[in-house]
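Welcome, and keep your viewer open beside this text. We will go from stop to stop, with something to select at each one.

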Amino acid sequence: MIKVLFVCLGNICRSPMAEAVFRHEVEKAGLTEQIEADSAGTGDYHIGKPPHHGTQQKLTEVGIPYKGLLARQVTIQDFDEFDYVIGMDNSNIRNLRQLVGSDHPKLMRFVDLLADSSYQEVPDPYFTGDFEETYQLVKEGCENLLLLIQKDRLLS
Ligand code: 4NP
(Lines give C-alpha, C1' and ligand atoms only; values in the text may rest on other atoms or scores of the structure.)
Protein backbone atom coordinates (compact mmCIF):
# COMPACT_ATOMS: atom_id res chain seq x y z
CA MET A 1 0.00 0.00 0.00
CA ILE A 2 1.25 3.49 -0.90
CA LYS A 3 0.18 6.09 1.65
CA VAL A 4 -0.11 9.84 1.07
CA LEU A 5 -0.61 12.44 3.82
CA PHE A 6 -1.64 16.02 3.01
CA VAL A 7 -0.78 18.59 5.68
CA CYS A 8 -2.03 22.16 6.22
CA LEU A 9 -2.44 24.29 9.33
CA GLY A 10 -5.95 23.63 10.60
CA ASN A 11 -6.83 20.42 8.67
CA ILE A 12 -10.25 21.87 7.90
CA CYS A 13 -9.80 23.69 4.56
CA ARG A 14 -6.96 22.70 2.21
CA SER A 15 -5.65 19.30 3.32
CA PRO A 16 -9.06 17.61 3.75
CA MET A 17 -9.98 19.01 0.32
CA ALA A 18 -6.80 17.44 -1.11
CA GLU A 19 -7.49 14.17 0.71
CA ALA A 20 -11.02 13.94 -0.73
CA VAL A 21 -10.00 15.01 -4.25
CA PHE A 22 -6.99 12.69 -4.34
CA ARG A 23 -9.01 9.72 -3.05
CA HIS A 24 -11.57 10.42 -5.78
CA GLU A 25 -8.81 10.41 -8.43
CA VAL A 26 -7.47 7.13 -7.02
CA GLU A 27 -10.95 5.60 -7.21
CA LYS A 28 -11.43 6.76 -10.79
CA ALA A 29 -8.11 5.10 -11.68
CA GLY A 30 -9.18 1.85 -9.99
CA LEU A 31 -6.25 1.99 -7.57
CA THR A 32 -8.00 1.97 -4.16
CA GLU A 33 -6.30 -1.31 -3.23
CA GLN A 34 -2.89 0.23 -3.88
CA ILE A 35 -3.08 3.88 -2.76
CA GLU A 36 -4.48 5.42 0.44
CA ALA A 37 -4.84 9.09 1.47
CA ASP A 38 -5.19 10.96 4.76
CA SER A 39 -4.73 14.52 5.99
CA ALA A 40 -3.62 16.33 9.14
CA GLY A 41 -2.89 19.81 10.48
CA THR A 42 0.23 21.21 12.08
CA GLY A 43 -2.03 23.10 14.52
CA ASP A 44 -4.36 21.69 17.16
CA TYR A 45 -7.14 24.30 16.93
CA HIS A 46 -9.71 22.20 15.11
CA ILE A 47 -9.03 18.61 16.23
CA GLY A 48 -12.14 16.46 15.80
CA LYS A 49 -13.95 18.94 13.54
CA PRO A 50 -15.33 18.22 10.04
CA PRO A 51 -14.07 20.24 7.04
CA HIS A 52 -14.86 23.98 6.88
CA HIS A 53 -18.26 24.66 5.29
CA GLY A 54 -16.53 26.29 2.29
CA THR A 55 -14.59 23.07 1.62
CA GLN A 56 -17.76 21.03 2.14
CA GLN A 57 -19.68 23.29 -0.25
CA LYS A 58 -17.02 23.06 -2.98
CA LEU A 59 -16.72 19.27 -2.71
CA THR A 60 -20.50 18.88 -2.79
CA GLU A 61 -20.68 21.11 -5.87
CA VAL A 62 -18.21 18.91 -7.75
CA GLY A 63 -19.68 15.64 -6.48
CA ILE A 64 -16.72 14.48 -4.38
CA PRO A 65 -17.57 12.75 -1.07
CA TYR A 66 -15.95 13.84 2.20
CA LYS A 67 -18.11 12.06 4.78
CA GLY A 68 -16.28 11.05 7.95
CA LEU A 69 -13.32 13.42 7.55
CA LEU A 70 -12.34 14.87 10.94
CA ALA A 71 -9.37 17.08 11.73
CA ARG A 72 -6.34 15.70 13.52
CA GLN A 73 -2.84 16.94 14.28
CA VAL A 74 0.20 15.59 12.45
CA THR A 75 2.64 13.48 14.51
CA ILE A 76 6.21 12.33 14.05
CA GLN A 77 4.89 8.75 13.65
CA ASP A 78 3.15 9.87 10.46
CA PHE A 79 6.61 9.92 8.87
CA ASP A 80 6.94 6.18 9.56
CA GLU A 81 3.46 5.37 8.33
CA PHE A 82 3.21 7.49 5.18
CA ASP A 83 5.28 7.41 1.98
CA TYR A 84 4.57 10.99 0.86
CA VAL A 85 3.97 13.87 3.32
CA ILE A 86 2.85 16.92 1.36
CA GLY A 87 2.69 20.42 2.86
CA MET A 88 0.25 22.94 1.42
CA ASP A 89 2.21 26.10 2.29
CA ASN A 90 5.67 27.24 3.38
CA SER A 91 4.82 27.52 7.05
CA ASN A 92 3.45 23.94 7.01
CA ILE A 93 6.75 22.82 5.47
CA ARG A 94 8.74 24.76 8.09
CA ASN A 95 6.73 23.18 10.91
CA LEU A 96 7.12 19.69 9.44
CA ARG A 97 10.87 20.22 9.07
CA GLN A 98 11.03 21.21 12.72
CA LEU A 99 9.35 17.91 13.53
CA VAL A 100 11.52 15.58 11.42
CA GLY A 101 14.54 17.49 10.18
CA SER A 102 15.08 19.68 7.18
CA ASP A 103 15.84 17.14 4.46
CA HIS A 104 13.37 14.39 5.13
CA PRO A 105 13.00 12.38 1.89
CA LYS A 106 9.22 11.91 2.28
CA LEU A 107 8.48 15.61 2.65
CA MET A 108 7.33 17.61 -0.38
CA ARG A 109 5.57 20.87 -1.26
CA PHE A 110 2.16 20.66 -2.89
CA VAL A 111 3.03 23.54 -5.25
CA ASP A 112 5.80 21.41 -6.77
CA LEU A 113 2.99 19.33 -8.29
CA LEU A 114 1.65 22.36 -10.21
CA ALA A 115 2.62 23.39 -13.74
CA ASP A 116 2.22 27.10 -12.90
CA SER A 117 5.28 27.91 -10.84
CA SER A 118 3.96 31.38 -9.98
CA TYR A 119 2.29 29.80 -6.94
CA GLN A 120 4.71 29.49 -4.03
CA GLU A 121 1.97 28.14 -1.74
CA VAL A 122 -1.59 26.88 -1.95
CA PRO A 123 -3.62 29.94 -0.87
CA ASP A 124 -5.49 29.40 2.38
CA PRO A 125 -9.22 29.91 1.77
CA TYR A 126 -9.76 30.26 5.52
CA PHE A 127 -8.27 33.72 4.95
CA THR A 128 -8.87 34.39 1.22
CA GLY A 129 -12.46 33.07 1.18
CA ASP A 130 -11.72 31.76 -2.34
CA PHE A 131 -12.42 28.02 -2.19
CA GLU A 132 -12.70 27.85 -5.99
CA GLU A 133 -9.11 29.02 -6.57
CA THR A 134 -7.83 26.55 -3.97
CA TYR A 135 -9.93 23.73 -5.44
CA GLN A 136 -8.52 24.31 -8.95
CA LEU A 137 -4.95 24.08 -7.62
CA VAL A 138 -5.76 21.07 -5.44
CA LYS A 139 -7.36 19.28 -8.39
CA GLU A 140 -4.39 19.84 -10.69
CA GLY A 141 -1.89 18.87 -8.00
CA CYS A 142 -3.79 15.69 -7.11
CA GLU A 143 -4.03 14.63 -10.76
CA ASN A 144 -0.28 15.19 -11.18
CA LEU A 145 0.50 13.39 -7.91
CA LEU A 146 -1.35 10.32 -9.08
CA LEU A 147 0.59 10.34 -12.36
CA LEU A 148 3.84 10.73 -10.45
CA ILE A 149 3.07 7.83 -8.11
CA GLN A 150 1.99 5.64 -11.02
CA LYS A 151 5.29 6.40 -12.76
CA ASP A 152 7.45 6.11 -9.61
CA ARG A 153 5.85 2.86 -8.50
CA LEU A 154 5.03 1.44 -11.90
CA LEU A 155 1.30 1.24 -11.16
CA SER A 156 -1.23 1.14 -13.96
P1 4NP B 1 -6.32 25.16 6.62
O2 4NP B 1 -6.97 26.59 6.94
O3 4NP B 1 -4.93 25.18 7.21
O4 4NP B 1 -6.31 25.08 5.14
O5 4NP B 1 -7.22 24.13 7.28
C6 4NP B 1 -7.00 27.15 8.24
C7 4NP B 1 -8.00 26.78 9.11
C8 4NP B 1 -8.07 27.33 10.36
C9 4NP B 1 -7.13 28.28 10.75
C10 4NP B 1 -6.13 28.65 9.89
C11 4NP B 1 -6.06 28.07 8.62
N12 4NP B 1 -7.22 28.90 12.03
O13 4NP B 1 -6.41 29.80 12.29
O14 4NP B 1 -8.08 28.54 12.83
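**Stop 1: helix 1 and its cover**

Start with the surroundings of helix 1: its buried residues are covered by, among others, strand 1 (2-8), strand 2 (35-41), helix 2 (53-61), helix 4 (90-100), helix 5 (125-128) and helix 6 (131-152). Here helices (H or I, at least four residues) and strands (E, at least two) are DSSP runs numbered from the N terminus, and contact means heavy atoms within 4.5 Å. Before going on, note that this is a predicted model, where local features need pLDDT of at least 70, side-chain atom pairs count only at pLDDT 80 or more, and totals for chains, interfaces and linings use all residues. Residues are numbered from 1 along each chain as its sequence is written, and side-chain values use heavy atoms, with hydrogens and water left out.

Now select residues 14-28, which make up helix 1. How many of its 15 residues are buried? The count is 11, so helix 1 is largely enclosed by the rest of the structure. Buried means under 20% relative accessible area, exposed over 50%, and partly exposed in between (1.4 Å probe, protein chains only). Among the buried residues are R14, M17, F22 and V26.

Try a distance between the end C-alpha atoms of helix 1: they are 21 Å apart, in agreement with the 21 Å expected for 15 residues at 1.5 Å a residue. The expected span is 1.5 Å times one less than the number of residues. Just after helix 1, click on G30, which takes a positive phi of about 70 degrees.

**Stop 2: the ligand**

Next, show the ligand with C8, L9, G10, N11, I12, C13, R14, H46, D124, Y126 and F127, the residues that surround it (a heavy atom within 4 Å). Look for its polar contacts (N or O atoms within 3.5 Å). A polar side-chain atom of H46 is 2.7 Å from a ligand oxygen, and a polar backbone atom of L9 is 2.9 Å from a ligand oxygen.

**Stop 3: the loop between strand 4 and helix 5**

Select P123, in the loop between strand 4 (107-109) and helix 5. P123 is buried, at 17% relative accessible area. Leaving aside neighbours within four places in sequence, P123 contacts R14, T128, E133, T134 and L137.

Finish at V111, also placed in the loop between strand 4 and helix 5. V111 is buried, with 6% relative accessibility. V111 and V122 are 11 residues apart in sequence and 6.6 Å apart in space, C-alpha to C-alpha.

Definitions and conventions
Polar contact = N/O pair within 3.5 Å; in protein donor to acceptor, adjacent residues only side chain to side chain.
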